[in-house]
Amino acid sequence: MADHAEPHGKKSGVSTDEQLSAQLAEDQPIAGAEEEEEDEDDEVDAPTGGGAEASSTSTKPKKKRKPKKKKKKAVTEDGETTNPSTTVAQSPSSSKDIQNILQQLALAQSGGVPKEGKPQEEYKFWNTQPVPKFKEPNLLQTTNGGSLPEGPILPDAVCKAAAKAEPEKLVDGFEWDLLDLETDDGMQELYDLLYNHYVEDAEGSFRFNYSIEFLNWALKPPGWKREWHIGVRTKAPADGKKGKLVAFISGVPVTLKIRQKVVKATEINFLTVHHKLRSKRLAPVLIKEVTRQCYRNGIYQALYTAGTLLPTPVTTCRYFHRSLDWSHLYKNGFSHLPQRSTEAMQVRKYFLPSKTGTKGLRPMKVEDVPGVKALLIKYLERFHLKQEFSDEELTHLLCSKASKDVVWAYVVEQDGEITDLVSYYLLESTVLKATSKSTIRAAYLYYYATTAAFSPNASSTLQPRLSSLINDALILAKKDNFHVFNALTLLDNPLFLKEQKFEPGDGKLHYYLFNWRTPPLGGGVDEKNEVDASKMGGVGVVML
């Protein structure tokens, strides 16, 4: 396994927190007076997902807001993303069970404190953006009953004309910066910002640890652009060294297929703001800047996720978690001991055999890419929202040098044909209050596919085949020293979650499309947020 960067790596920049505090002595927005009217609650997770992924994991009860002093909250796309998908969230939950704690991380990753929303007029930032409004009940209907076309909300020509040549001016003391993630220093700076300000639980017990290897894999897929890795720094000091990195948002290029339309888009993620700047309305400024950069590159749509309800989700999924090493989770405060149970009983409950059961299952090789691509694209055609992949993209994501020790991908080959694929990726959490250094290794279910979906008897063969594949993934992840396995209700996941002992989380993860109107999609859950296989078929894209 590749070593992960230390949680408290070398400091970047020369501005100290004391200097930053002095610059923020006056309560003024970072982008000047025009941002003063923005509502901080309008912030969205920059894609996830979160995510993503993150993406991508957990839920938080709604907090009352004090009149003046605002609580820390996760930064999301709502603006005030797009996988716009992640923010730093503080969860108020005091429960120590695995579901609540992992839900906190998951929803923090995907957008922060879940809310039931608010009146449309209070979404001050999003009311200025090309997104469907709550008053359009089925996303294709106007408030007076008229119909709207599926597709772009704003024409390409309007978006292109709106893209200014220069970014919005920041107040004195701060400046824009495009991060150079090809350098060790640039990657370390981003790692430090995310580690200290991205996702942490309310009690300060644990923190997501996006390793440098993970960031290199997630932020530099084929076709990535440096101008979509956008940072805000304190002004450079007199000695010429860079100022301190205090905010970040990223975009990566994706090709989406939304129902039958192919769309070149951006997946937004890792929207992060220094905790001392959370009241400065910097998130919408970051979102507007990444939008400007995308427009200038001829990209006018984006995909993002958030734990908060914004105008307007195309679908909503729910998090699930499966213990692999219950004893480790219990020792570190991630899992509780249920009443009338014992530690031995819990270990037995989550027992997994030592050997996989699917004949021919083996690690994926680069030579498998053409067969995997053919299988995966055909499998994903069953879903209304999915990503289309080139050979180069699929290689990068599943079996490249960049994906080593980040993604585990396995295939089944029969008579020269790839018949099955299953994969998962690693996202660690650092246990902050442990007496000795400790981490939680979480596996997140990634892409999978099987030819059983194309069988004439798919209604009876798909579920057992998927359940077998996922059970093998659990076994392999446990062998690789993972402690918990996480999944959402997207793809065909509702078919096996209960059988494979995944426990439901309380949190929701909303999926959003920027500048695109389409009818609602199924998210694998019903109106009560319960798993419902009849609601599958909507989401076929996995966000980080």
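## A walk around strand 13

Let's start with one pair of residues: Ala 443 sits opposite Phe 485, which belongs to strand 14. Keep in mind that you're looking at a predicted model. That pairing is a good way into the middle of this protein, so to speak, and the strands around it come next.

Strand 13 and strand 14 run parallel to each other, paired over three bridges. Add helix 11, and strand 13, helix 11 and strand 14 together make a β-α-β unit that is right-handed. Strand 13 also pairs with strand 12, but here the two run antiparallel, joined by 10 bridges. One example of a bridge pair is Glu 428 with Arg 441 of strand 13.

Here are the strand 13 pairings set out together:

| Pairing | Sense | Bridges |
|---|---|---|
| Strand 12 (residues 417–431) with strand 13 | antiparallel | 10 bridges |
| Strand 13 with strand 14 (residues 484–488) | parallel | three bridges |

How many residues of strand 13 are buried? The count is 11 of its 12, so you can call the strand, residues 439–450, mostly covered by the definition of buried as under 20% relative accessible area.

Now for the nonpolar cores. In soluble globular proteins, nonpolar side chains tend to be buried together. The largest nonpolar core here holds 106 residues, and those with the most contacts inside it are Trp 217, Phe 270, Leu 398, Tyr 424, Tyr 446 and Phe 485. Strand 13 is the top contributor to this core, giving nine residues. Another core, of 36 residues, lies apart from it and includes Leu 170, Ile 249, Val 290 and Tyr 295.

Take a closer look at Trp 217. Leaving out residues up to four places away in sequence, Trp 217 touches a whole list of others, among them His 396, Leu 397, Tyr 425, Tyr 446 and Leu 544.

His 396 and Leu 397 bring us to helix 10, where they are among the buried residues, along with Glu 393, Leu 394, Thr 395 and Leu 398. Why is helix 10 (residues 391–398) largely enclosed by the rest of the structure? Because six of its eight residues are buried. The cover over those buried residues includes helix 5, helix 9, strand 10, strand 11, strand 12 and our old friend strand 13.

Finally, zoom out. The protein has 11 helices and 16 strands. Of its 544 residues, 61% count as buried. Its accessible surface is about 21500 Å², and carbon and sulfur atoms account for 50% of that.

Note on methods: Residues numbered from 1 in each chain as written. Predicted model: local features only at pLDDT ≥ 70, side-chain atom pairs only at ≥ 80, totals over all residues. Heavy atoms only, no water. Buried < 20%, exposed > 50% of the residue type's maximum accessible area, 1.4 Å probe, protein only. Helix = DSSP H or I, 4+ residues; strand = E, 2+ residues; numbered from the N terminus. Pairing = 2+ DSSP bridges. Right-handed = clockwise from strand over helix to strand, strands pointing away. Areas by Shrake-Rupley, 256 points an atom, 1.4 Å probe, with all protein chains shown as cover. Core = buried A, V, L, I, M, F, W, Y, C linked by side-chain atoms within 4.5 Å. Contact = heavy atoms within 4.5 Å.
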